[in-house]
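Reader: Please take me through one strand of this model and what surrounds it. Keep it brisk, and explain each term as you go.

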Amino acid sequence: WGGHVPGPMDARRRYAVLCPLAERPEGLSFIFETRAAGLNRQPGETCFPGGRARPGESAPDCALRETWEELAIPLEHIRLLGTPDFLLTQAGDLIQPVIGLVDAAGAAALRPAPAETAEAFFVPAEFFRSTPPELCAYELKAAVPEDFPYESVGIGRDYPWARGRVEVPVWHFGGRAIWGITARIIRAVLEETDWAAERG
């Protein structure tokens, strides 16, 4: 175990997303994309560029590759700034955000790939700082099958299975909804950035 790098147990799939930032006349801004209507998963939703990592592919390499495939931003115009905390979803998917600064030439070269991306747009980071999100939540409850071996493991059918609660932040900007995992990543990135700034 000496050379083992610990990671989240039972993670089924690994994903990486780039949180691209660009300097704009309105200030430092996030770049978002709207997923194409023809996609099987989450069509029409707002997200960051990203996708599933290939075997042996690092999170930064995955995020950069997916950004090139979805937005055609040349990799040499993106400067990676770091990797915030990762997220492990209820489905067992590991999602690793990667923060990248896109220079002016990279932002000008941005071209959404129609098969994957309906559009790309910018939202000032200050909007998220100054606008509290709408907070929604849903409960996680155990759906235990009828044939669970209660007797052999020594528990009764009234066993108090663990429950959970997931908070879902929602922002609205320019007629678009920015919510779910994407909004959770934004909130975490801004909170960490603010904490680092206050620490000096």
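Author: Strands (E, at least two residues) and helices (H or I, at least four) are DSSP runs, numbered from the N terminus. Gly164 has its place in strand E10. This is a predicted model, in which local features need pLDDT of at least 70 and side-chain atom pairs count only at pLDDT 80 or more, while totals for chains, interfaces and linings use all residues. Residues are numbered from 1 along each chain as its sequence is written, and side-chain values use heavy atoms, with hydrogens and water left out.

Start with Gly164. Look for Glu139: the two residues are 25 apart in sequence. In space, Gly164 and Glu139 are 5.9 Å apart, C-alpha to C-alpha. Now list what Gly164 touches, where contact means heavy atoms within 4.5 Å. Leave aside its neighbours within four places in sequence, and Gly164 is in contact with Tyr138, Glu139 and Leu140.

Next, step back to the sheet. Strand E10 covers residues 164-173. E10 pairs with E9 in the antiparallel sense, over seven bridges. Two strands count as paired if DSSP finds at least two bridges between them. One of the matches is Leu135, whose bridge partner in E10 is Pro169. The open sheet has three strands, in the order E9-E10-E11, with antiparallel pairing. E9 (134-140) and E11 (176-179) stand at the edges with a single partner strand each, so one side of each has no neighbour in the sheet. The twist from one strand to the next averages 30°. Such angles run from 0 to 180 degrees between N-to-C directions, with axes fitted as lines to C-alpha atoms.

Another set of strands is worth a comparison. Strand E1 takes in residues 13-24 and is mostly covered. Nine of the twelve residues in E1 are buried. Buried means under 20% relative accessible area, exposed over 50%, and partly exposed in between (1.4 Å probe, protein chains only). E1 pairs with E7 (residues 93-102) in the parallel sense, over ten bridges. There, Cys19 has Ile99 as its bridge partner in E7. With E4 (residues 50-52), E1 makes an antiparallel pairing over three bridges. Ala16 is matched with Gly51 in E4. E1 also pairs with E2 (residues 27-35), antiparallel, over four bridges. Glu23 stands opposite Leu28 in E2. A hairpin through two residues joins E1 to E2.

Cysteines come next. A disulfide is a pair of cysteine sulfur atoms within 2.5 Å. By this rule the count is zero. Take Cys19, which is buried at 1% relative accessibility. The closest cysteine sulfur to that of Cys19 is in Cys47, 11 Å away and too far for a bond. Cys136 is partly exposed, at 33% relative accessible area. For Cys136 the closest cysteine sulfur is again in Cys47, but 19 Å away, too far for a bond.

Finish with a helix. H1 spans residues 59-71, which is 13 residues. The expected span is 1.5 Å times one less than the number of residues. For H1 that gives 18 Å, and its end C-alpha atoms are 18 Å apart, which agrees. Several residues of H1 are buried, among them Ala59, Cys62 and Leu71. After H1 comes Ala72, with a positive phi near 60°.
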